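Work through the exercises below with the coordinates open. Each task is followed by a solution in steps.

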Amino acid sequence: MLERLNQAMEHIEDHLDQAVEMEELARLAGTSEYHLRRMFSALAGMPLSEYVRRRRLTLAGAEVLAGRGTLLEIAVRYGYGSGEAFARAFRAMHGIGPGEARRTGAALNSQSRMAFRLTVEGSSTMRYRVVDRADFTVVGLKARVPLVHAGPNQAIMSFVRGIDPRTLEQLEKLSDQEPHGVVAVCDDLDPSRAEGTELDYIHGVITSAAAPEGTTTLAVPAGTWAVFTVSGAVPRAIQELWRDVFTEWFPSNPYRTRTGPEILRIRLSPEQTEADAELWLPVEPEHGRNG
């Protein structure tokens, strides 16, 4: 998988002055466009579209400083329809406009080329199971919140704190399917998974009961789920579980993500410093995958 992902990275480098087709990148990586975006974001720490943009602006910056062609020629070469659009993007990355950078020879930022390697440590074993589930329904309270890659999501924390405890007690009594109890559900994420893009967050339960007044429902179709469990200090153990699923488990197993909600169940210790967590991710087999 990583070898094919690196082939896709080479393709990006060869086409930075052309249109980079996501469909072709997914074909080279031997996976779906959706999974490629998810995998890249988890491994690289940024959306694939952001990486391509930063690589283009890195090369464009070198050409600006070297005086190769007019600024408009450089803008067009790297996919910008106008000098103004190029100047805005250039300033956003380098902190200075292209004209001023050329006049002063200013120091610019550089996005290094990425290549992926699997580091084998052999010190940890991931606990997981694969489950085929019939369709089910999530019932709970919903908010539209920004995506946060690292650290606490303050929008989610504020939303959950504002829920009436009696409402949560009522919901928890409705839970009749696993994962049991109150769960955190993330759905309708932006395909880029860029920091700050929005998603639907539902704090609720999985149930066959009717939804109480004032709650929302999410119908989830039948499919396969990979279920990961971890115990440890919060939030570190849970954050590391997310990281390890995408950097270790997916590259080592014949599955890829599919579109669907991501479900997290957490059971805190009385001191609320330790937790048992269960993460449900929608997956599908990667048929014909090369090892």
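The exercises cover aromatic rings, helix packing and backbone geometry in this predicted model.

**Exercise 1.** Classify the aromatic pair of phenylalanine 40 and tyrosine 51, and state which helices hold the two residues.

Solution. A pair of aromatic rings is described by the distance of the centres and the angle of the planes. A search of the whole structure gives twelve aromatic pairs. For phenylalanine 40 and tyrosine 51, the centres are 5.6 Å apart and the planes make an angle of 50°. Planes under 30 degrees apart would count as stacked and those over 60 as edge-to-face, so the pair is tilted. Next, place the residues: phenylalanine 40 belongs to helix H3 (residues 33–44) and tyrosine 51 to helix H4 (residues 48–66), so the pair ties together parts that are eleven residues apart in sequence. Finally, check burial, for which the limit is under 20% relative accessible area. Phenylalanine 40 has 0% relative accessibility and is buried; tyrosine 51, at 1%, is buried as well.

**Exercise 2.** Describe the pair of phenylalanine 136 and tryptophan 225, then identify the residue that lies over the face of tryptophan 225.

Solution. The rings of phenylalanine 136 and tryptophan 225 are 5.7 Å apart, centre to centre, with 50° between the planes, and the pair is tilted. Phenylalanine 136 is in strand E2 (residues 136–146) and tryptophan 225 in strand E6 (residues 223–233); the pair thus links distant parts of the chain, 89 residues apart. Both phenylalanine 136 and tryptophan 225 are buried. The residue over the face of tryptophan 225 is arginine 258, at 5.3 Å from the ring centre.

**Exercise 3.** Compare the packing of H3 against helix H2 with its packing against helix H10.

Solution. Start with the geometry of the first contact. Helix H2 (residues 22–29) packs on H3 at an angle of about 80°, and their axes are 9 Å apart. Angles of 65 to 115 degrees count as roughly perpendicular, so H2 and H3 fall in that class. From H2, the residues Met22, Glu23, Leu25, Ala26 and Ala29 meet Glu33, Leu36 and Arg37 in H3. By class, this contact of H2 with H3 has five nonpolar, no polar and three charged residues.

Now take the second contact. H3 and helix H10 (residues 236–252) pack at an angle of about 135°, with axes 9 Å apart. That makes H3 oblique to H10. H3 contributes His35, Arg38, Met39, Ala42 and Leu43, while H10 contributes Phe246, Thr247, Phe250 and Pro251. The contact of H3 with H10 has six nonpolar, two polar and one charged residues.

Two residues of H10 in this contact, Phe246 and Phe250, also belong to an aromatic cluster. Tyr128, Phe228, Trp249 and Tyr255 are in that cluster too.

**Exercise 4.** Which peptide bond is cis, and which residues other than glycine have a positive phi?

Solution. The cis bond runs from glutamate 178 to proline 179, with omega near -5°. Proline 179 lies in the loop between helix H9 (165–174) and strand E3 (183–187).

For phi, consider aspartate 188, where the value is about 55°. Aspartate 188 sits in the loop between E3 and strand E4 (198–206) and is partly exposed, with a relative accessible area of 46%. Glutamine 272 also has a positive phi, near 60°. Its loop joins strand E8 (262–268) and strand E9 (274–285). Glutamine 272 is exposed, with a relative accessible area of 55%.

Methods: Residues are numbered from 1 along each chain as its sequence is written. This is a predicted model: local features need pLDDT of at least 70, side-chain atom pairs count only at pLDDT 80 or more; totals for chains, interfaces and linings use all residues. Side-chain values use heavy atoms; hydrogens and water are left out. Rings of Phe, Tyr and Trp (its six-membered ring) pair if their centres lie within 6.5 Å; planes under 30 degrees apart count as stacked, over 60 as edge-to-face and the rest as tilted. Helices (H or I, at least four residues) and strands (E, at least two) are DSSP runs, numbered from the N terminus. Buried means under 20% relative accessible area, exposed over 50%, partly exposed in between (1.4 Å probe, protein chains only). A charge sits over a ring if NZ of Lys or CZ of Arg is within 6 Å of the ring centre and within 35 degrees of the ring normal. Axes are lines fitted to C-alpha atoms, for helices over the stretch in contact, and angles run from 0 to 180 degrees between N-to-C directions. Angles under 35 degrees count as roughly parallel, over 145 as roughly antiparallel, 65 to 115 as roughly perpendicular and the rest as oblique. Contact means heavy atoms within 4.5 Å. Ala, Val, Leu, Ile, Met, Phe, Trp, Tyr, Cys and Pro count as nonpolar, Asp, Glu, Lys and Arg as charged, and the others, Gly among them, as polar.
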